[in-house]
Amino acid sequence: MVAKKVKIAIIGAGMAGLTAANRLYTTSHDLFDLTVFEAGHRIGGRILTSDFAGDRIETGATWIHGIGGSPVYALATEQNLLEDSSCNWERMDGFPSDQLTIAEGGFMVDQDHIAGPISSLYRGLMDDARTGHATSPDGDPSVGVYLRRGFQQYQATRAPSADTGCRDDTWSLEALEESLFAMEECIERVCTSADNLSDLNLSAESEYIDFPGEHITIAKGYSRIVEHLASGLPPGTIRLGQRLRRVEWCSGDGTPTDGSSPVRLQFSDNTVVHADHVIVTVSLGVLKAEIGKESGKGNGIGIHFDPALPDFKREAIRRLGWGVVNKLFMEMETETEMESREAFPFLRMVFNQDPKDERMKRHASKIPWWIRKTGSICPIYSGSHVLLAWFVGKEATHLESLDDEEIIRGVHATLDAFLPTCGAKYAARCTGTETAMRRIRSVKRSRWATDPLFLGSYSYVSIGSSGDDLDLMAEPLPRGKDEVPRLQILFGGEATHRTHYSTTHGAYYSGIREADRLLQFYNVTSV
Ligand SMILES: Cc1cc2nc3c(=O)[nH]c(=O)nc-3n(C[C@H](O)[C@H](O)[C@H](O)COP(=O)(O)OP(=O)(O)OC[C@H]3O[C@@H](n4cnc5c(N)ncnc54)[C@H](O)[C@@H]3O)c2cc1C
Ligand SMILES: *[C@@H]1O[C@H](CO)[C@@H](O)[C@H](O)[C@H]1NC(C)=O
Ligand SMILES: *[C@@H]1O[C@H](CO)[C@@H](O)[C@H](O)[C@H]1NC(C)=O
Ligand SMILES: *[C@@H]1O[C@H](CO)[C@@H](O)[C@H](O)[C@H]1NC(C)=O
């Protein structure tokens, strides 16, 4: 009798699912009957390289966050993906150091005396939080309150400055510092996807691990990493357009309905597949949609589990933070006149948090609310005609609903307020032609929140959750070690990694972890 192959189904062909598949196949070869089911019509998930106005851009994952020890960096090096002479790519020149900090209204903020100290203050506070040296004032557990107290302390103790450096009477020094600090906070919002930093758990920040070394982008595109992982699988392993709708499994009290394969998977086209093990790698947003549905709030776009996921799993899914981050790419007009002008700067925008002056109010009213929390607009590499801005939270979600024309109008109003042709600082460079403004020709933005296969961007540890929840996310089902078939449902994905959540390498590690869990279960070391 020929032994029946163990059937493993992997849900999702993103970084986690493809890493698990690759690991299972390359370690065991033909031992398993292995299939990856992907709802979309492409692989990669939140990794998606694209082209825009002649440049290579990343719509999702962008950076290798620290090259020291990163498995993604190792893959990129091994596959020779870090150089490309055939085209220009996002941040091919690394992270820009020549930044201009400009306040709403158009004057340049003094770097040495005002912007610099606020940046250092912010970085120092976040470094303390990351290394576990931050104490939460009044016992408040959030990053938001911690940062604000740090800022207030700074303002209360810094030497009063005679020369504010504000060559603009519409701003007081205090208001300028306040708005600068808000701009710095935007960096943290993008990094974590937390719309409101008051919802970000301070003590959990110290559990998050960053790799040391430079942060770099991938010349040939992030997608090449997942394409490489997929190329090692036998043809037909990955099935696109297969959206999982329902998982029937046996919890502690049930017995398999159908002999050996305890898990029954039903897809949106009603195809049914039986498996011994399923590794679920869909986003936390997709899992939350299911929980929401059960509590009457959902939109019916999640995956239905029968029996329902146990409480410990549902609670972890509910508690963990999940946010929206989107990227907006803007192509500038390239008239000859524009070409002759200086390259667009790396513009850090200090929005007036509380415009009082009439002129400021007029400017402010033209800038739409959804852009007022964006910290910067910059070319994707020095000299590129493509500009990039990051959006978070409510602003990011709203961005998805706008049409291109409305976005362009909002960006123009913003550029006019920050880079006026004859603004105070820019006066020196001003050619006197009122029309020589920078204009946007077309835009392209990501829509991670409305895409039903993601429903958001990445996870964070919110107030009310903890690092333990990330471990609970990773626990396979059923939980006990009774007679019921073990390891029926396994969980991978970015939001299941305690110290590297929210990243591609976190997703990668989770794929390795779940593959190894099964390999160990079947006593496979290597073939
Ligand atoms: C804008 C943005 C910027 C980012 N920047 C960075 C960065 O600079 N550096 C970094 O390290 N990380 C970054 N990330 C995070 C990184 O992209 C993710 O952490 C990582 O790609 C997640 O991989 P995953 O396999 O866990 O999930 P996913 O990539 O979401 O894969 C899950 C797959 O499941 C599929 N799926 C969903 N529902 C179903 C269903 N019902 N049936 C079948 N399949 C389904 C989805 O289509 C998807 O392909 C960024 C993310 C975003 C959105
Ligand atoms: C952020 O959350 C805090 C606490 O829940 C709340 O007081 C504050 O108004 C929120 N801020 C914004 C901008 O929503
Ligand atoms: C924050 O996270 C820590 C560590 O993971 C946890 O112990 C703590 O209970 C959490 N705090 C809150 C208020 O959620
Ligand atoms: C793996 O090895 C252990 C210990 O030798 C054994 O008890 C178990 O049955 C093996 N598992 C499988 C699936 O062969």
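**Close-up 1. Backbone atoms beside ligand 1.** In this predicted model, threonine 62 puts a backbone N or O atom 3.0 Å from an oxygen atom of ligand 1. Tryptophan 63 joins in too: one of its backbone N or O atoms sits 2.7 Å from an oxygen atom of ligand 1. Then there's alanine 16, with a polar backbone atom 2.8 Å from an oxygen atom of the ligand. How much of ligand 1 does the protein bury? Taken alone, ligand 1 exposes 1000 Å², and 98% of that is buried by the protein.

**Close-up 2. The shell around ligand 1.** Step back a little and you can count 38 residues surrounding ligand 1. The closest are Ala16, Glu38, Arg46, Trp63 and Glu494. Sort the shell by residue type and you get 19 nonpolar, 15 polar and four charged residues. Which helices each supply at least two residues of this shell? They are helix 1 (15–28) and helix 15 (504–521).

**Close-up 3. Ligand 2 and its three neighbours.** Here Asn196, Ser198 and Lys373 surround ligand 2. Look at asparagine 196: an N or O atom in its side chain is 2.3 Å from an oxygen atom of ligand 2. On its own, ligand 2 has 360 Å² of accessible area, and the protein covers 29% of it.

**Close-up 4. Helix 14, mostly covered.** This helix runs over residues 467–474, and six of its eight residues are buried. So who's tucked away? The buried ones are Gly467, Asp469, Leu470, Leu472, Met473 and Ala474.

Notes. Residues numbered from 1 in each chain as written. Chains lettered and ligands numbered in written order. Predicted model: local features only at pLDDT ≥ 70, side-chain atom pairs only at ≥ 80, totals over all residues. Heavy atoms only, no water. Buried < 20%, exposed > 50% of the residue type's maximum accessible area, 1.4 Å probe, protein only. Helix = DSSP H or I, 4+ residues; strand = E, 2+ residues; numbered from the N terminus. Near = heavy atom within 4 Å. Polar contact = N/O pair within 3.5 Å; in protein donor to acceptor, adjacent residues only side chain to side chain. Areas by Shrake-Rupley, 256 points an atom, 1.4 Å probe, with all protein chains shown as cover. Nonpolar A, V, L, I, M, F, W, Y, C, P; charged D, E, K, R; others polar.
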